[in-house]
Amino acid sequence: MATLPVYRWHLAPDGYATRRQLRARNLRPGGQGVAAQLERPRRRRGPLVAYLYRVDLAKPVRPMTPARRAALAKANAARRTCPECRRDAGYVIPASLGMCVPCAYPEEQCHP
């Protein structure tokens, strides 16, 4: 097993990009493995690591089809629906609560 080349933060050679940098260019890794990594040293903790992909092997981002758009809308709606009261909360339900804020804290609701 070969080890990955490691570069210091901001010192990676041209031709490598992170996932976000690829996405900004309307590209995706396209099945290729991680080609290198960046490390940013930190005090008292391990370094921050960013994985790099080769730009020349990246593929264009797949276009959003109507079916994919509908599936994404359905998934986002499920994340906003409270499992207790079954209402759309208008925000993504926090995983720490597992339900909308009014259901999690009913006694703190102000009643006029």
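Colleague: Is Arg54 buried, partly exposed or exposed?

Modeller: This is a predicted model, where local features need pLDDT of at least 70, side-chain atom pairs count only at pLDDT 80 or more, and totals for chains, interfaces and linings use all residues. Residues are numbered from 1 along each chain as its sequence is written, and side-chain values use heavy atoms, leaving out hydrogens and water. Buried means under 20% relative accessible area, exposed over 50%, and partly exposed in between, with a 1.4 Å probe and protein chains only. Arg54 has 33% relative accessibility, so Arg54 counts as partly exposed.

Colleague: Which strand holds Arg54?

Modeller: Strands are DSSP runs of E, at least two residues long, numbered from the N terminus. Arg54 belongs to the run of residues 48-54, which is strand β5.

Colleague: Which residue forms a salt bridge with Arg54?

Modeller: A salt bridge needs a side-chain nitrogen of Lys or Arg within 4 Å of a carboxyl oxygen of Asp or Glu. For Arg54, the closest N and O atoms are 2.7 Å apart. The partner counts as exposed, at 56% relative accessibility. That partner is Asp56.

Colleague: How many salt bridges are there by this rule?

Modeller: One joins Asp56 and Arg54. Another joins Asp88 and Arg80, at 3.4 Å from N to O. Arg80 is partly exposed, with a relative accessible area of 26%. By this rule the count is two.

Colleague: Which strands stand at the edges of the sheet?

Modeller: Two strands pair if DSSP finds at least two bridges between them. Four strands form an open sheet with mixed pairing, in the order β1-β4-β5-β2. Each edge strand has a single partner, so one side of each is left without a neighbour in the sheet. The edge strands are β1 (6-8) and β2 (16-17).

Colleague: Which residue in β4 stands opposite Tyr7?

Modeller: Strand β4 covers residues 36-40. Three bridges join β4 to β1, and the two run parallel. Opposite Tyr7 in β4 stands Leu38.

Colleague: Why is the pair of Tyr7 and Tyr16 called tilted?

Modeller: Rings of Phe, Tyr and Trp (its six-membered ring) pair if their centres lie within 6.5 Å; planes under 30 degrees apart count as stacked, over 60 as edge-to-face and the rest as tilted. The structure holds one aromatic pair. The centres of Tyr7 and Tyr16 are 6.1 Å apart. The pair is tilted because the planes stand at 45°.
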